[in-house]
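User: Please take a close look at one part of this protein, beginning with a single residue and working outward through its surroundings. I should like one connected account.

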Amino acid sequence: MFLPFVKNKLDLNHWILFFLWIFYCVIHSTLATAKVKSIFEKASGKFFRYYRLAYTIFAAVTLLLILYFQYSFASPALINQSTIKYISFVIFVLPGLIIMMISILKYFKLLSGVRSLFEGNLPTELQKKGIHRYVRHPLYSGTLLFIWGLFFIFPMVNNLIAVGVITGYVLIGIRLEEKKLLIEFGNLYKDYISEVPMLIPDFTDLK
């Protein structure tokens, strides 16, 4: 719907932003792969325990730099209806933020690397309780709701570029993560797939 209109509004800064977001997603995924982590583990030895924390800091800093660039230049608006903005906040932004906070609070220590500083390799466990009873990847669900909700509140070309790339990254990343989880948990995860939706809850079967 937006493509022909957006194409005419892209200048050099928008194209740079597009490739920066792609580069960020690729680097983010590459550094999280087992192969790359194995290389760093061999090279860093006992200091590998800080890898998760360093990865989190690097991801946060580079994200802030991209966002700084994203809002450093003027970008045209695609929608100009205040009603859509209010509806978007209630339907997308607020629920997405709540889901994200629930997921982040649940895994904060693990995701930030704090526990790994003191406990080394942490045991992995398939999460099936709480919000995971309704969707297999609640953090991704919340993220998609949140970023698309923000886009409809601030419907500018630069924001569309960001949410478009992030959405593609999330959808590809989920598939790759599911393959890893199937290898790690086998039939246990196969059963989980058959019982719980990936991103969107089955509202006809909520308990």
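Analyst: In this predicted model, glutamine 70 has a relative accessibility of 1% and therefore counts as buried, the limit being under 20%. Glutamine 70 belongs to helix H4. With neighbours up to four places away in sequence set aside, the contacts of glutamine 70 are Leu17, Trp21, Asn158, Asn159 and Ala162.

Two of those partners, Leu17 and Trp21, are listed among the residues of H2 that meet H4, and this leads to the packing of these two helices. Two packed helices are described by the angle between their axes and the distance between the axes. For H2 (residues 12–32) and H4 (residues 51–70), the axes come within 10 Å, and the crossing angle is roughly 175 degrees. An angle over 145 degrees counts as roughly antiparallel, and H2 and H4 are therefore roughly antiparallel to each other. On the H2 side, the contact is made by Asn13, Ile16, Leu17, Leu20, Trp21, Tyr24, Ile27, His28, Leu31 and Ala32. The H4 side contributes Tyr51, Tyr55, Phe58, Ala59, Thr62, Leu63, Ile66, Leu67, Phe69 and Gln70. By residue class, this contact of H2 with H4 comprises 16 nonpolar and four polar residues, with no charged ones.

H2 also packs against helix H3 (residues 34–44), where the axes come within 5 Å and cross at roughly 65 degrees. Here Thr30, Leu31 and Ala32 of H2 meet Ala34, Val36, Lys37 and Phe40 of H3. This contact of H2 with H3 divides into five nonpolar residues, one polar and one charged. Leu31 and Ala32 are listed in the contact with H4 and again in the contact with H3.

The aromatic residues of this region can be taken next. Phe40, from the H3 side of the contact with H2, is joined by ring pairs into a cluster with Phe48, Tyr51 and Tyr55. Tyr51 and Tyr55 both appear in the contact of H4 with H2. In the structure as a whole, 13 aromatic pairs are found. One of these is the stacked pair of phenylalanine 48 and tyrosine 51, with 5.3 Å from centre to centre and 20 degrees between the planes. Both phenylalanine 48 and tyrosine 51 are buried. Along the chain between them, arginine 49 lies over the face of tyrosine 50, at 5.9 Å from the ring centre.

Helix H7 offers a further aromatic pair. Tryptophan 148 and phenylalanine 151 are both in H7, separated by three residues, or about one turn of the helix. Their ring centres are 5.8 Å apart and their planes stand at 85 degrees, so the pair is edge-to-face. Tryptophan 148, at 26% relative accessibility, counts as partly exposed, whereas phenylalanine 151 is buried, with a relative accessible area of 1%. H7 (residues 138–153) also holds serine 141. Serine 141 is buried at a relative accessible area of 10% and touches Val135, Met198 and Leu199, residues up to four places away in sequence not being counted.

The wider setting is a protein with nine helices and zero strands. Buried residues account for 33% of its 207 residues. Of the contacts between residues at least 6 apart in sequence, 82% join residues at least 24 apart.

Terms used:
Residues are numbered from 1 along each chain as its sequence is written. This is a predicted model: local features need pLDDT of at least 70, side-chain atom pairs count only at pLDDT 80 or more; totals for chains, interfaces and linings use all residues. Side-chain values use heavy atoms; hydrogens and water are left out. Axes are lines fitted to C-alpha atoms, for helices over the stretch in contact, and angles run from 0 to 180 degrees between N-to-C directions. Helices (H or I, at least four residues) and strands (E, at least two) are DSSP runs, numbered from the N terminus. Angles under 35 degrees count as roughly parallel, over 145 as roughly antiparallel, 65 to 115 as roughly perpendicular and the rest as oblique. Contact means heavy atoms within 4.5 Å. Ala, Val, Leu, Ile, Met, Phe, Trp, Tyr, Cys and Pro count as nonpolar, Asp, Glu, Lys and Arg as charged, and the others, Gly among them, as polar. Buried means under 20% relative accessible area, exposed over 50%, partly exposed in between (1.4 Å probe, protein chains only). Rings of Phe, Tyr and Trp (its six-membered ring) pair if their centres lie within 6.5 Å; planes under 30 degrees apart count as stacked, over 60 as edge-to-face and the rest as tilted. A charge sits over a ring if NZ of Lys or CZ of Arg is within 6 Å of the ring centre and within 35 degrees of the ring normal.
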